[in-house]
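Student: I am new to this structure. Please choose one part, look at it closely, and then work outwards from it.

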Amino acid sequence: MLKAVQILCCSSGLTRLTKTRTSSTLKLSTFSTSPRKTLCFNPTRMSSSSSLPGSDPLPKSPTFVSGDVRKIKFCQWCGGPTKHEIPDGEEKLRAICTHCAKIAYQNPKMVVGCLVEHQGKVLLCKRNIQPSHGLWTLPAGYLEVGESAAEGAMRETWEEAGASVEVVSPFAQLDIPLIGQTYVIFLAKLKNLDFAPGPESLECRLFDLDEIPFDSLAFSSIYVTLNLYLEDVKKGKIKFHYGTINKRPGSSPSDIRAFSLDYHLQP
């Protein structure tokens, strides 16, 4: 939620997230030298079976995390062997170096990409790599150290689609706890029509909204993003969306309907 809050803030002032007693509405207040602005969000749980067509419902289950701390056998700093304990003041099992005592923390990775619009169409790429080889996706990939989320999204769009784009606004942040990823997707527009598949793509093309290949999409995150976009287009207003994609434990990355979209927030 914090990242979504930071993206939506209108200034670099302090923020406060509050929940009213009489309503489930969350209010974000921005404090700065300018007059106070308040953004309101209505949290809902979007079941994949009821809100997203063709999806499988996800039964209630505990949170699963993809990172297995016991696989960390050696210290990344000094190379010493690790032990696996819960450090004082913490709640999770960690890998602790038996030589230098440093703790190896496992943190989620950020995936950034662009939902590129052009004359009522969206740009998709057919993957030339695993996982989900041969399936369609938005141009996206891991954020690199030294670049902003928007810069990374534009770089990935250039690398995968050979497209030069201008970021318009953030569109969605989707957290996937099961695999330790956070997706940040930006709306973008083409600077020109000169695009072509990069090494990681078999094909790139603009799809009319009613021709989007939902049965051949690569990932649940892309499935959710495009469905949210279509809903916004139908309503005539593009919004920013935040949600948590809870994947069914044991499902493959290409099993794009084995999820629920929980705690869906939008202005």
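**The largest cavity and what surrounds it**

Tutor: Sorted by class, the residues lining the largest cavity are 2 nonpolar, 2 polar and 3 charged. The model is a predicted one, and every value below is computed from it. Which residues line the largest cavity? They are Cys125, Arg127, Ile129, Thr137, Glu160, Glu200 and Ser201. The volume of the largest cavity is about 30 Å³. A search of the whole structure for cavities of 30 Å³ or more turns up 1.

One lining residue, Glu160, leads to helix 2, where Glu160 is among the buried residues. Helix 2 covers residues 149–161 and has 13 residues. From its first C-alpha to its last, helix 2 reaches 18 Å, close to the 18 Å expected at 1.5 Å a residue. Besides Glu160, the buried residues of helix 2 are Gly152, Ala153, Arg155, Glu156, Thr157 and Ala161. What do the buried residues of helix 2 pack against? Their partners are strand 8 (109–118), strand 9 (121–127), strand 11 (140–142), strand 12, strand 13 (181–190) and strand 14 (201–208). After helix 2 comes Gly162, with a positive phi near 60°.

Strand 12, one of the packing partners of helix 2, spans residues 165–176 and holds Gln173. Is Gln173 buried or exposed? Gln173 counts as buried because its relative accessible area is 1%, and the cut-off for buried is under 20%. The side chain of Gln173 makes a polar contact of 3.1 Å with the side chain of Asp175.

Next come the loops beside strand 9. On one side, the loop between strand 8 and strand 9 contains Gln119. The phi of Gln119 is positive, near 50°, and Gln119 is a residue other than glycine. Gln119 is exposed because its relative accessible area is 71%, and exposed means over 50%. On the other side, the loop between strand 9 and strand 10 (136–137) contains Pro131. The peptide bond that joins Gln130 and Pro131 is cis, with omega about 0°. Ser132 is found in the loop between strand 9 and strand 10 as well. With a relative accessibility of 7%, Ser132 counts as buried. A polar atom of the side chain of Ser132 lies 3.1 Å from the backbone oxygen of Ala218.

Pro131 also brings in the second largest pocket, whose volume is about 530 Å³. Which of its 26 lining residues are the closest to its centre? They are Pro131, Tyr142, Gln181, Tyr183 and Phe219. Strand 11, helix 2, strand 13 and helix 3 (220–235) each give at least two residues to the lining of the second largest pocket. Helix 2 therefore has a part in both sites, because Glu160 is one of its buried residues and lines the largest cavity, while helix 2 also supplies residues to the lining of the second largest pocket. By class, the lining of the second largest pocket has 13 nonpolar, 8 polar and 5 charged residues.

Two further loops deserve a look. Ala101 is found in the loop between strand 6 (94–97) and strand 7 (103–104). Although Ala101 is not a glycine, its phi is positive, about 70°. Ala101 counts as exposed, at 51% relative accessibility. Ile72 is found in the loop between strand 4 (44–46) and strand 5 (82–85). Leaving aside residues up to four places away in sequence, Ile72 touches Thr82, His84, Ala95, Ala104 and Gln106. Ile72 and Ile96 are 24 residues apart along the chain, and their C-alpha atoms are separated by 9.2 Å.

Last, the setting as a whole. The protein has 3 helices and 16 strands. Of its 267 residues, 42% count as buried. Among the contacts in the protein with a separation of 6 or more, 59% are between residues 24 or more positions apart.

How values were computed. Residues are numbered from 1 along each chain as its sequence is written. This is a predicted model: local features need pLDDT of at least 70, side-chain atom pairs count only at pLDDT 80 or more; totals for chains, interfaces and linings use all residues. Side-chain values use heavy atoms; hydrogens and water are left out. Helices (H or I, at least four residues) and strands (E, at least two) are DSSP runs, numbered from the N terminus. Buried means under 20% relative accessible area, exposed over 50%, partly exposed in between (1.4 Å probe, protein chains only). A polar contact is a pair of N or O atoms within 3.5 Å; within protein, one must be able to donate a hydrogen and the other to accept it, and residues adjacent in sequence count only if both atoms are side-chain atoms. The expected span of a helix is 1.5 Å times one less than its number of residues. Contact means heavy atoms within 4.5 Å. On a 1 Å grid over the protein atoms alone, a cavity is a set of points where a 1.4 Å probe fits but cannot get out, and a pocket is an open set with protein on both sides within 12 Å along at least five of seven lines; lining residues have an atom within 4 Å of a point. Grid points are joined across faces, edges and corners, and a volume is the space filled by probe spheres set on the points. Ala, Val, Leu, Ile, Met, Phe, Trp, Tyr, Cys and Pro count as nonpolar, Asp, Glu, Lys and Arg as charged, and the others, Gly among them, as polar.
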